[in-house]
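Here are some reading notes to go with the model. Please keep the viewer open while going through them.

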Amino acid sequence: MVTPAIQNQFAAAETIKNQDTPVKTSSSSSSSLPQESFRIHSLVAPGSGTPAATALTLPLLFQPFIANRIVVAAMSMYSSKDGFMTDFQLEHLGSYALHGARLIFAEASAVEARGRITPGCAGIYSDNHVPGVKRVVDFVHSTGGKIGVRLFHAGRKIQDIVKAFGAAAVRADEAGMDTVEIQGAYGYLIHTFLSPITNHRTDRYGGSLENRSRLLLEVVREVRANFSAEKPIFLRLSVSDCVEHLSNISSIVIEEAVQVAQWAKDAGLDVIHGAAGENTPLEVIPRFPGYMVHYAARIRQDVPGFAVVAVGAINSAKQAQEIVEARKADLVAAASAFLKRPTFALDAGRELGVDVAYAPQYGFARRT
């Protein structure tokens, strides 16, 4: 059921995304709103909703979409033991939640033990992992935040892998995760299937773009079928192999990625991160602040109704605000900015003149 509060959040966000589209108010029929919008707006943290009229006077970075539009990107810390999250993850992720981050992604967690890239990788391939994951989830929730987990596999065999993603989604749900993100970037398994640089198969998983996308779409459908229907699913996708300077190499390019994104949306995906590269040593990626934002902008432009996250050296409130104001993305994700300053979300609010909600236990600081 879609509550009036969620509809108000959606109405404000839709005004932001398309000023020419009539706003649906809380009295609108719930059937008039697309289902994927219900899922993304389930990420509004309890008590963090802002009335639409007030919200639209805030800087766009802090207008309703989720509690705000700053996302803590998943960062692999290689500090797990046999896949189990430890006190490190509790402290690491908890510090962001305590200081104003409202949507946090836990580090990439393998869906099979053989799919890890190091012994220190987190895992969600065993039911025994669930209590440790839930411990982290419960702490983030206690601060008023939301949390998701990135699901990944680093292997190159597909037998049973699709089912493993589905089983991992079930465990994430049992642990109380608010969302999951499928890893389809940076040379991990799904990316290696999408890219003709690494996919030389001659069966139904190789050759045409449709075939190379088959594994991803099977994973999206499997995760969607095994994760709560009201919760959104994210995908981080490398939309380019960054070898356009080499005319003799066939690779995935943005035009193909737009089609893949559309197929993934049709399969049940809600939100996409536009990333790039890390699939071949031949790549050339000029790195500068916001160096991957144009990929998100292209997907947002060409795949209507899809929520898009920009990523890539986003290190300041001004930069993040400019990205969402220019309608290049709906959300911005940061990693190194949070590593340098766990208070990045609070600092961004102060810079833009916004009193950001953060852990109620720290409420005294708001009065001094």
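**A buried strand residue and other points**

1. Start with Ala106, which is buried, with a relative accessible area of 0%. The model is a predicted one. Ala106 sits in strand S2, residues 103-110. Leaving out residues up to four places away in sequence, Ala106 touches Ala74, Met85, Leu93, Ile147, Gly148, Val149, Arg150 and Met177. Take Ala74 from that list. Ala74 and Ala106 are 32 residues apart in sequence, yet their C-alpha atoms are 5.3 Å apart in space.

2. Now the chain as a whole. It has 14 helices and nine strands. Of its 368 residues, 58% are buried. Take the contacts with a separation of 6 or more: 73% of them join residues 24 or more positions apart.

3. Next, the core. The largest nonpolar core has 113 residues. Which of its members touch the most other members? They are Phe165, Ile182, Ile272, Ile299, Val332 and Phe338. Two of these come up again below: Val332 in the next point, and Phe165 where helix H6 meets helix H9.

4. Look at Val332 in detail. Val332 lies within strand S9, residues 331-334. Neighbours within four places in sequence aside, Val332 is in contact with Leu61, Arg69, Ile70, Val71, Val309, Ala310, Ile314, Ala320, Ile323 and Val324. Among these partners, Ala320, Ile323 and Val324 are buried residues of helix H12.

5. That leads to helix H12, residues 317-325. Which of its residues are buried? Ala317, Gln319, Ala320, Gln321, Ile323 and Val324 are. Their cover includes two helices, H11 (293-302) and H14 (344-351), and two strands, S8 (307-310) and S9 (331-334). Arg327 follows H12 and has a positive phi, near 60 degrees.

6. Helix H6 (residues 161-174) against helix H9. Their axes come within 8 Å and cross at roughly 30 degrees. The angle is under 35 degrees, so H6 is roughly parallel to H9. The crossing is right-handed. From H6, the contact uses Val162, Lys163, Phe165, Gly166, Ala169, Val170 and Asp173. From H9 come Leu215, Glu218, Val219, Glu222, Val223 and Asn226. By class, that contact holds seven nonpolar, two polar and four charged residues. The spacing of such residues has a general background. An α-helix has 3.6 residues a turn, so residues three or four places apart point the same way.

7. Helix H9 (residues 214-226) also packs against helix H10 (residues 254-267). Here the axes come within 9 Å and cross at roughly 25 degrees. That makes H9 roughly parallel to H10 as well. This crossing is right-handed. On the H9 side are Leu216, Leu217, Val220, Arg221 and Arg224. On the H10 side are Val260, Trp263, Ala264 and Ala267. The residues of this contact divide into seven nonpolar, no polar and two charged.

8. Two loop residues deserve a check of the backbone. Asp82 has a positive phi of about 55 degrees although it is not a glycine. Cys242 has a positive phi of about 60 degrees, and Cys242 is not a glycine either. Asp82 is in the loop between strand S1 (70-72) and helix H4 (87-98). Cys242 is in the loop between strand S6 (233-238) and H10. Are they buried or exposed? Asp82 counts as exposed, at 58% relative accessibility, where the cut-off is over 50%. Cys242 counts as buried, at 4%, where the cut-off is under 20%.

9. Last, Ala154. This residue lies in the loop between strand S4 (146-152) and H6. Ala154 is partly exposed, with a relative accessible area of 27%. Residues up to four places away in sequence aside, Ala154 touches Gly115, Arg116, Ile117, Tyr188 and Leu189. The C-alpha atoms of Ala154 and Ala113 are separated by 10.0 Å, and the two residues are 41 apart along the chain.

Terms used. Residues are numbered from 1 along each chain as its sequence is written. This is a predicted model: local features need pLDDT of at least 70, side-chain atom pairs count only at pLDDT 80 or more; totals for chains, interfaces and linings use all residues. Side-chain values use heavy atoms; hydrogens and water are left out. A nonpolar core is a set of buried Ala, Val, Leu, Ile, Met, Phe, Trp, Tyr and Cys residues joined through side-chain atoms within 4.5 Å. Buried means under 20% relative accessible area, exposed over 50%, partly exposed in between (1.4 Å probe, protein chains only). Contact means heavy atoms within 4.5 Å. Axes are lines fitted to C-alpha atoms, for helices over the stretch in contact, and angles run from 0 to 180 degrees between N-to-C directions. Helices (H or I, at least four residues) and strands (E, at least two) are DSSP runs, numbered from the N terminus. Angles under 35 degrees count as roughly parallel, over 145 as roughly antiparallel, 65 to 115 as roughly perpendicular and the rest as oblique. A crossing is left-handed if the near helix is turned anticlockwise from the far one by less than a right angle, and right-handed if clockwise. Ala, Val, Leu, Ile, Met, Phe, Trp, Tyr, Cys and Pro count as nonpolar, Asp, Glu, Lys and Arg as charged, and the others, Gly among them, as polar.
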